[in-house]
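Subject: Handover of a structure

Hello,

I am passing on the structure below, together with notes on what was found in it. Please read the notes with the coordinates open.

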Amino acid sequence: MTRQAPNHARTVPLRPVTVRPTTARPGPVRPAAAAPPGPAPAPSAPAPSAPGEPLWRDLVGDVLRGERLAQERTLKDVAEAARISVPYLSEVERGRKEASSEVLAAAARALGLGLGDLLARAHGELVRVTGRHPGAVRGRSGSSYDGLCLAA
C-alpha cells in the first residue's frame, strides 16, 4: 500500500526576505497566514552573499534607474527603446529579476551606455557600498595588484 503525501507543499526560502530602503513603499499590512499542519519547516538556507555585500542585480538595477532618472526619461520610453516590457524593466531596476546580458546590453544602449559602461558603474557602486578597493577582495595579504598577468 502506498502512502500519499499531504496536500500542502513545503517551501524553503532561498534567502531571507529583505526590503531595500529605496524601494519600500507604504501599503496595507496583511496578517500572517497560519502555518499548514504537518512537519516543521526546514531551516532556511544561508544568505548567498556575506553580510553587508549587496547583490549584483541590485547594483545593476540601481545604476539603470539612476541613469534613467538623470536623463529624465520614463520606464516606458526606455523599455520601448530597449524592446523589453515595462514591467520587466521595472523589476530589473528594483533588483527583482536577474537580467541576461542581452537584456542588460539593450537597456544600457537605450540609455546611451555600453554594456561595459553599465558594468563599470555597477562595480564602482559595489566598491563605494562595501568600502573595498579593487584587488583587496581576493584574499591576498599585502598585495594590491589589480591587473592582468600572463605567464609564458
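The notes below go from the overall fold to the helix pairs and then to single residues.

Overall

Please keep in mind that this is a predicted model. The protein chain has five helices and zero strands, so the pattern read along the sequence is α-α-α-α-α. Of the 152 residues in the protein chain, 24% are buried. Taking contacts in the protein chain between residues at least 6 apart in sequence, 65% join residues at least 24 apart.

Helix 1 and helix 5

A general remark applies to both helix pairs below: two packed helices are described by the angle between their axes and the distance between the axes. Helix 5 covers residues 115-130, and its axis comes within 9 Å of the axis of helix 1, with a crossing at roughly 115°. Helix 1 is therefore roughly perpendicular to helix 5. The crossing of this pair is right-handed. On the helix 1 side, the contact is made by Trp 56, Leu 59, Val 60, Val 63, Leu 64 and Glu 67. On the helix 5 side, it is made by Leu 118, Leu 119, Arg 121, Ala 122, His 123, Glu 125 and Leu 126.

Two residues of helix 1 have notes of their own. Glu 67 sits in helix 1, which spans residues 56-70. Is Glu 67 buried or exposed? Its relative accessibility is 17%, and because the cut-off for buried is under 20%, Glu 67 counts as buried. The side chain of Glu 67 has a polar contact, at 2.8 Å, with the side chain of Gln 71. Beyond its neighbours within four places in sequence, Glu 67 is in contact with Leu 111, Leu 113 and Arg 121. Of these, Arg 121 is also listed among the helix 5 residues that make the contact with helix 1.

Arg 65 also lies in helix 1. Its relative accessible area is 19%, so Arg 65 is buried as well. From C-alpha to C-alpha, Arg 65 and Leu 89 are 9.5 Å apart in space, with their positions 24 residues apart in sequence.

Helix 2 and its surroundings

Which residues of helix 2 are buried? They are Leu 75, Val 78, Ala 79 and Ala 82. Viewed down the axis of helix 2, these buried residues fall within an arc of 100°, so they line one face of the helix. Lys 76 and Glu 80, on the other side of helix 2, are exposed. What do the buried residues of helix 2 pack against? They pack against helix 1, helix 3 (86-93) and helix 4 (101-110).

For the pair of helix 2 and helix 4, the axes are 8 Å apart and the packing angle is about 120°. That angle makes helix 2 oblique to helix 4. This crossing, too, is right-handed. Val 78, Ala 81 and Ala 82 are the helix 2 residues that meet Ala 106, Ala 107 and Ala 110 of helix 4.

Ala 81 is one of the residues at that meeting point. It belongs to helix 2, residues 75-82, and is partly exposed, with a relative accessible area of 46%. Leaving out residues up to four places away in sequence, Ala 81 touches Arg 73 and Ala 110. The C-alpha atoms of Ala 81 and Ala 110 are separated by 5.3 Å, although the two residues are 29 residues apart along the chain.

Backbone: two positive phi values

Most residues other than glycine have a negative phi. Two residues here have a positive one. Glu 72 is not a glycine, yet its phi is positive, at about 55°. Glu 72 is in the loop between helix 1 and helix 2 and is exposed, with a relative accessible area of 72%.

The other case is Arg 83, with a positive phi near 60° in a residue other than glycine. Arg 83 comes just after helix 2, in the loop between helix 2 and helix 3. Arg 83 is exposed, and its relative accessible area is 77%.

Regards

Definitions and conventions: Residues are numbered from 1 along each chain as its sequence is written. This is a predicted model: local features need pLDDT of at least 70, side-chain atom pairs count only at pLDDT 80 or more; totals for chains, interfaces and linings use all residues. Side-chain values use heavy atoms; hydrogens and water are left out. Helices (H or I, at least four residues) and strands (E, at least two) are DSSP runs, numbered from the N terminus. Buried means under 20% relative accessible area, exposed over 50%, partly exposed in between (1.4 Å probe, protein chains only). A polar contact is a pair of N or O atoms within 3.5 Å; within protein, one must be able to donate a hydrogen and the other to accept it, and residues adjacent in sequence count only if both atoms are side-chain atoms. Contact means heavy atoms within 4.5 Å. The arc is that of the directions from the helix axis to the C-beta atoms. Axes are lines fitted to C-alpha atoms, for helices over the stretch in contact, and angles run from 0 to 180 degrees between N-to-C directions. Angles under 35 degrees count as roughly parallel, over 145 as roughly antiparallel, 65 to 115 as roughly perpendicular and the rest as oblique. A crossing is left-handed if the near helix is turned anticlockwise from the far one by less than a right angle, and right-handed if clockwise.
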